[in-house]
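Please look over the chain shown here before reading on. The briefing that follows takes up its aromatic packing, its strands, its unusual backbone geometry and the confidence of the prediction.

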Amino acid sequence: MKALRGVLAGMLLAIGGAAHAVPYHFVDWTAANPGAGTASGTITLPDLSTVTVSFSVTQVTGAAGSFKFAQTFGGTNYWSPSAPYISSQVDNAPPDSDIISLIGGSSTTTYKLTLSEAIKDPIMDIVSLGQPGFNVTYDFDRPFDIVSQGVGFWGGGPTALQELPGDVLQGAEGHGTIQFIGTFDSFSWTAPTSEDWHGFQFGIRTTEKLDPSVPEPASLALLAIGFAGLAAARRRRTR
């Protein structure tokens, strides 16, 4: 019985730990060509494995909306202050100044990120989406949740980002983090409204790489409930 209680306590501890913020690892953008609408980089994980990330812009002839610039080494750190990007789920903002900035302005211009392997629930950090009194939207092809936001490099506030129906993110000087819901190796979005620029960075956590040997927190919870039921049944039989 004591051993069973020990197993149960360990399971509950694991569940509690799963709810804590964890460090994320962001793209080191190493090449970018705004004119061609392409960029590429890698995410290096603690075990030194890597995930390759490619960014591309697809435009119809004459459409606006390419990206304005990219910082691949040095430059202004638009991720400072870091507070808008940290939450109970995400432990850190991007560690350096790497960023890709977009212009928007066409519903037919598509931005796409392609990963070298399927990743579960990645995040996107965003700088200055929209302006006070001027809303700008990202229309994604994947569901997402806003996990944090606040006052960032260009200002903003605690409600400057809004999640709209249809997987649309709206910003009025929005700085924050969104987390995509699901497992996939690519996703895309449009930015129909033109603005001088708004920037993003992309990140994953170590456990988001698919590993069937690592149970999901929900699975751990079910196992813990099952152990608790067995313990209660055994106590009743003993009495």
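**Aromatic core and overall picture**

Tyr-111 has a relative accessibility of 1% and therefore counts as buried, the limit for that class being under 20%. The model is predicted, with a mean pLDDT of 84 over the protein chain and 76% of its residues reaching 70 or more. The chain has 239 residues, of which 42% count as buried, and its secondary structure comes to two helices and 15 strands. Among contacts in the chain with a separation of 6 or more, 78% are between residues 24 or more positions apart.

**Aromatic pairs**

- A search of the whole structure finds 22 aromatic pairs, and one of them is the stacked pair of Phe-55 and Tyr-111, with 6.2 Å from centre to centre and 10 degrees between the planes.
- Phe-55 belongs to strand 4 (residues 50-58) and Tyr-111 to strand 7 (residues 106-120), so this pair ties together parts of the chain that are 56 residues apart in sequence.
- Phe-55, like its partner, counts as buried, because its relative accessibility is 2% and Tyr-111 is at 1%.
- Tyr-78 and Trp-154 also form a stacked pair, because their ring centres are 6.3 Å apart and their planes meet at 25 degrees, which is under the 30 degrees required for stacking.
- This second pair ties together parts 76 residues apart in sequence, since Tyr-78 lies in the loop between strand 5 (67-71) and strand 6 (99-102), and Trp-154 in the loop between strand 10 (144-149) and strand 11 (161-164).
- Within that pair, Tyr-78 counts as buried at 12% relative accessibility, whereas Trp-154 is partly exposed, with a relative accessible area of 45%.

**Aromatic cluster and a charge over a ring**

- One aromatic cluster is formed by Phe-55, Phe-67, Tyr-111, Tyr-138, Phe-140, Phe-144, Phe-180, Phe-184, Phe-187, Trp-189, Phe-200 and Phe-202.
- Phe-184, a member of this cluster, has the charged end of Arg-142 sitting over its ring, 4.7 Å from the ring centre.

**The eight-stranded sheet**

- Eight strands make up an open sheet with antiparallel pairing, and their order across the sheet is 2-3-4-7-14-9-12-11.
- Strand 2 (28-33) and strand 11 stand at the edges with a single partner strand each, so one side of each has no neighbour in the sheet.
- From one strand to the next, the twist averages 20 degrees.
- At one of these edges, strand 2 pairs with strand 3 (residues 38-44) in the antiparallel sense over five bridges, and Ala-32 stands opposite Ala-39 in strand 3.

**Gly-166 and its surroundings**

- Gly-166 is found in the loop between strand 11 and strand 12 (168-171), where it counts as exposed at 53% relative accessibility.
- Leaving aside residues up to four places away in sequence, Gly-166 touches Asp-139 and Phe-140, the second of which is a member of the aromatic cluster.
- The C-alpha atoms of Gly-166 and Asp-141 are 8.6 Å apart in space, although the two residues are separated by 25 residues in sequence.

**Backbone geometry worth checking**

- Ser-80 and Pro-81 are joined by a cis peptide bond with omega of about 5 degrees, and Pro-81 lies in the loop between strand 5 and strand 6.
- Leu-48 is not a glycine, yet it has a positive phi of about 75 degrees; its place is in the loop between strand 3 and strand 4, and at 68% relative accessibility it counts as exposed.
- Ser-128, also a residue other than glycine, has a positive phi near 55 degrees; Ser-128 is placed in strand 8 (residues 123-129) and is buried, with a relative accessible area of 6%.

**Where confidence is low**

- Over residues 1-18 pLDDT stays under 50, and the model has 20 contacts beyond four places in sequence for this stretch.
- Over residues 216-227 pLDDT likewise stays under 50, and here the model has 17 contacts beyond four places in sequence.
- Where pLDDT is low, the predicted coordinates should not be read in detail.

Definitions and conventions. Residues are numbered from 1 along each chain as its sequence is written. This is a predicted model: local features need pLDDT of at least 70, side-chain atom pairs count only at pLDDT 80 or more; totals for chains, interfaces and linings use all residues. Side-chain values use heavy atoms; hydrogens and water are left out. Rings of Phe, Tyr and Trp (its six-membered ring) pair if their centres lie within 6.5 Å; planes under 30 degrees apart count as stacked, over 60 as edge-to-face and the rest as tilted. Helices (H or I, at least four residues) and strands (E, at least two) are DSSP runs, numbered from the N terminus. Buried means under 20% relative accessible area, exposed over 50%, partly exposed in between (1.4 Å probe, protein chains only). A charge sits over a ring if NZ of Lys or CZ of Arg is within 6 Å of the ring centre and within 35 degrees of the ring normal. pLDDT is the predictor's confidence in each residue, from 0 to 100. Contact means heavy atoms within 4.5 Å. Two strands pair if DSSP finds at least two bridges between them. Axes are lines fitted to C-alpha atoms, for helices over the stretch in contact, and angles run from 0 to 180 degrees between N-to-C directions.
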